[in-house]
Amino acid sequence: MTGLPWDASYHDGPPPWDIGRPQPAIGRLASEGGFAGAVLDAGCGTGENALHVASLRVPSGLSVLGFDVAETALAIARQKAADRGIEVEFVTADAFHLECLRRRFQTVLDCGLFHTFDGSERPGYVASLASVTEHDGTLYVLCFSDDGPDTGPHPISQEELRAAFNPSNGWNVAAIEPERIQTRFHDHGAPAWFATIKRI
Ligand SMILES: C[S@@+](CC[C@H](N)C(=O)[O-])C[C@H]1O[C@@H](n2cnc3c(N)ncnc32)[C@H](O)[C@@H]1O
C-alpha cells in the first residue's frame, strides 16, 4: 500500500485537490441520476463526493462506500459524515487489492485516482476495479486531460483511457467528454476527461 506518502499530504490542511465540496462534474452527474445501487468511491480522500452522492438518497436503495489509503483523510471524512448526519462508510483499502472488500458495486467513481497511476500500474488497478464492479455496472473516471492549456500534473490522453479499459479486460468505454477538475490552484479548474465506462 502506498498510504504513508498520501497520508502526509493531508497533515497540514487540505491538499490542492481537496476543494471542500464535491467536484461540480460529480454534482451534475448525481443530480442527473448517474448513481445507483451500491456505490464505491475509489480514493475518496476526505469524502466530499461520496457524501454528496449519499446525501441525495435518490434512488432509494443507494448505499455509498468510500475507500482510501490515507487514514488522516478517512478520519476527516468520517467526522464530516457524523457532523452532517449522512450515512456513508469510509474504509481503508488499497486500490490494487479491492477483492479484499468482498463486495460488488453497481456504480464506481474514480475522481482523481486513475491519473495518479503510471502506465505500468494501470493494468493492476483496472483488474482490481473489475473484480468489484457488477457486470453491466458503470465506472465514472474524472481525470486530468492532456487537452490544454493549463493541464494538471498527471495529464491523460483519450487513447490512454481507451487502452486501459477495453473489452479484452472486461470494459467498454461508452463516452469520454471534456470536463474541468477544480483545484485550489486553478481559478477555473484544469482540463479533464469525464469517462463513462461500462463493465461487460
Ligand atoms: C488526487 S486525490 C483525490 C481524492 C478525492 N477523490 C477527491 O476528489 O478529493 C487521490 C486519492 O487517492 C488516494 N490513493 C492513492 N493511492 C491509493 C491506493 N493505492 N489505494 C487507495 N487510495 C489511494 C490518495 O490517498 C488520495 O486521497
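In the predicted model, the protein chain carries 15 positive and 26 negative side chains. The centres of these two sets of charges are 5 Å apart. The accessible surface amounts to about 9,200 Å², and carbon and sulfur atoms account for 52% of that area.

The protein chain contains 6 helices and 7 strands. Read from the N terminus, the order of these elements is α-α-β-α-β-α-β-β-α-β-α-β-β. The protein chain is as compact as a globular protein of its length, because its radius of gyration of 15 Å is close to the 16 Å given by the globule rule for 200 residues. The C-alpha trace extends over about 40 × 35 × 35 Å along its principal axes. Of the contacts with a separation of 6 or more, 74% join residues that are 24 or more positions apart.

Buried residues constitute 50% of the 200 residues. The largest nonpolar core comprises 31 residues, among which V141, L161 and F165 touch the most other members. At least two residues of this core come from each of β1 (38-42), β2 (63-68), β4 (105-111), α5 (122-132), β5 (133-144), α6 (158-164), β6 (171-181) and β7 (190-199). The element that gives the most to this core is α5, with 5 residues. When residues up to four places away in sequence are not counted, L161 touches F114, V141, C143, I156, V173, I176, W193 and A195. A second core, separate from the one described above, has 28 residues, including A50, L51, A81 and I86.

Conventions
Residues are numbered from 1 along each chain as its sequence is written. This is a predicted model: local features need pLDDT of at least 70, side-chain atom pairs count only at pLDDT 80 or more; totals for chains, interfaces and linings use all residues. Side-chain values use heavy atoms; hydrogens and water are left out. Helices (H or I, at least four residues) and strands (E, at least two) are DSSP runs, numbered from the N terminus. The radius of gyration is taken over C-alpha atoms; the globule rule is 2.2 Å times the number of residues to the power 0.38. Buried means under 20% relative accessible area, exposed over 50%, partly exposed in between (1.4 Å probe, protein chains only). Contact means heavy atoms within 4.5 Å. Accessible areas come from the Shrake-Rupley method with a 1.4 Å probe; for residues, only the protein chains shown count as cover. Lys and Arg count as positive and Asp and Glu as negative; His and the chain ends are not counted. The place of a charge is taken as NZ of Lys, CZ of Arg, CG of Asp or CD of Glu. A nonpolar core is a set of buried Ala, Val, Leu, Ile, Met, Phe, Trp, Tyr and Cys residues joined through side-chain atoms within 4.5 Å.
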